[in-house]
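Visitor: I would like a quick tour of a ligand site. Can you take me through it by question and answer?

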Amino acid sequence: MKQALAHSWVEISERALVSNIRAHRRLLGSDTKLLAVVKSNAYGHGLELVARVAQKSGQVDWLGVASLREAMALRQAGIRLPILVLSYYHPLSQPELKDGIKHNVSFMVYELKALKTLAQVAQQVATCARVHLKLETGMARLGVSIDKAKSYLRYILRSPYLKLEGIASHFATAESRDQTFLKQQLNTYKKFIKQAGGLVPQDTLQHIAGTAASTAAPEARLSLVRLGIGLYGLWPSAANRQFVQARHHRFRLQPSLTWKTQIIEVQDLPPGTAVGYDRTYVTGRATRMAVMPVGYWDGYDRALSNKGRVLIHGTLCPVIGRICMNIFMADVTGLKNVKVGDEVVLIGKQGRGELTADDMADKTGTINYEIVTRINPLLPRVLV
Ligand SMILES: Cc1ncc(COP(=O)(O)O)c(C=O)c1O
C-alpha cells in the first residue's frame, strides 16, 4: 500500500499483533492479567493504532504508557481500557493531573511528594487517584526502597483520596541466560509482600515481569505482566528466544511492523565513481544505483552507511555511501527493470526476502527496541 504524499510509511499487521497477543495469553493462562506496553508511540508502531487493536482483541486488560500525555491521547481516542503511567509524570501542572485522575488514569508512584500531590488533586476533583507503588528491588532506577515502602503503603491506605491498585517492580536482567539476579529480585519483592502481610488488600495487582521474565520465568508472572516488545513480535534477546523456544515449541512471535519507501531516482554509474557525502564508497564496476527518500531524520540510522541492506524486488541490496538526513542510496546492479516508484522495504518481508529489526540492530550495535522506537513518529502508520 502506497501512502499518498508520504515519502515513507510504516505498515502494521493486525493479524500479527493479534496472533502475538493470543500467543502470550495462552502462555499466561487465566490467572494473570496482561498489560500491553504502548509507550513511546507503541514502540514505534503507532500509539492509538496499537491500543485500538489491543482493546478490540478482548485479550488485553491494561495499557502502559510513559507519560500522562500519552495516557490522555489514548482517552481522547476513545480507549476505555485501564491505563497505567509507568514512569515519570511530574512536575505537572495541576490541571493536567486533574484531567488524568478524572479519566481514570493510574499512576506508578515511588515518591512521597508525588503521593501527596496526587491525593491533593484527587480531593479537588472529589475522587480517588489510582496508584501502583513501585519498589526498588535491584534495578536501581525508579522505585521506593524496601525499608521505606511499608510507610508509603500505609500512607496510601490511610488516604481517602488514594486507591492502591498495584505493587510493582522491574527486572534488570530478565533477558539474559543467567536468571540468578532475576530470582534475587523476585525474592526481595515477594519477601516485602509477605512482610506487609495484612496491609496489602487481596485484589492488589502484583507485577514485575516484562516480556523476557513473563516468557522465561513463569514464577515471575504474578497477577499481571507488562508486555512490550513481545507483543510487537520481537524477542527481548537471542538468549531469551532460545530459552523460551526450547521449552514452548509452539510459541511463535510474528513481527508486526513493515517499514517501506519507494525509489525516487535510478542512475547508472561508471566504475570509479565516489558516491555521496565524504565519498566513502567508490564503485568497483559499472553500477546501477537507486536513490531512496529516507534518511537519519526518519530514523534510518547513519551507522547503516555502507552497511545496511534493503529489499527491492524481493532481493537484498546493499546500502552504498553515507546515509544522509533525508536520502540514502543502494546498489541495485543486476536487478531487472528497476524503476522510480518501485517499493523498497527497510524492515519486513518482500517476496522471499526478509529484513528484521534484529538485523538492523546487529549492524548498528544496538537492540531491536531502539530500532523500532526511533522510526520517526511523523511517518504514517497504517493498519493492514
Ligand atoms: C516499567 C516497564 N515495564 C514493562 C516494560 C516492557 O518491557 P518489554 O518490552 O521487554 O516487554 C518496560 C519497557 O521498557 C518498562 O519500562
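What follows is a short exchange about the ligand site and an aromatic pair in this predicted model.

Visitor: Which residues come nearest to the ligand?
Guide: The shell around the ligand holds 13 residues. Five of them are named as nearest. They are Y43, T211, R226, I229 and Y369.

Visitor: Which residue has a side chain with an N or O atom 2.8 Å from a nitrogen atom of the ligand?
Guide: Polar contacts are N or O pairs within 3.5 Å. Backbone atoms serve the ligand oxygen contacts: G228 at 2.9 Å and I229 at 2.8 Å. The side-chain partner of the ligand nitrogen is R226.

Visitor: How much of the ligand's area does the protein bury?
Guide: Taken alone, the ligand exposes 390 Å². The space it takes is the largest pocket. The buried share of that area is 88%.

Visitor: Which elements give two or more residues to the shell around the ligand?
Guide: One is a helix, residues 39–43. The other is a strand, residues 224–227. They are α2 and β9.

Visitor: How many residues of the shell are charged?
Guide: The shell divides into three classes. Nonpolar residues number 5, and polar residues 4. The charged count is 4.

Visitor: What is the geometry of the W259 and Y300 aromatic pair?
Guide: The whole structure has 5 aromatic pairs. In this one, the centres are 5.9 Å apart and the planes meet at 75°. Planes over 60 degrees apart count as edge-to-face, so the pair is edge-to-face.

Visitor: How many residues apart are W259 and Y300?
Guide: W259 lies in strand β10. Y300 lies in the loop between β14 and β15. The pair links distant parts of the chain, and the separation is 41 residues.

Notes
Residues are numbered from 1 along each chain as its sequence is written. This is a predicted model: local features need pLDDT of at least 70, side-chain atom pairs count only at pLDDT 80 or more; totals for chains, interfaces and linings use all residues. Side-chain values use heavy atoms; hydrogens and water are left out. A residue is near a molecule or strand if one of its heavy atoms lies within 4 Å of it. A polar contact is a pair of N or O atoms within 3.5 Å; within protein, one must be able to donate a hydrogen and the other to accept it, and residues adjacent in sequence count only if both atoms are side-chain atoms. Accessible areas come from the Shrake-Rupley method with a 1.4 Å probe; for residues, only the protein chains shown count as cover. On a 1 Å grid over the protein atoms alone, a cavity is a set of points where a 1.4 Å probe fits but cannot get out, and a pocket is an open set with protein on both sides within 12 Å along at least five of seven lines; lining residues have an atom within 4 Å of a point. A molecule sits in a cavity or pocket if more than half of its atoms lie within 2 Å of its grid points. Helices (H or I, at least four residues) and strands (E, at least two) are DSSP runs, numbered from the N terminus. Ala, Val, Leu, Ile, Met, Phe, Trp, Tyr, Cys and Pro count as nonpolar, Asp, Glu, Lys and Arg as charged, and the others, Gly among them, as polar. Rings of Phe, Tyr and Trp (its six-membered ring) pair if their centres lie within 6.5 Å; planes under 30 degrees apart count as stacked, over 60 as edge-to-face and the rest as tilted.
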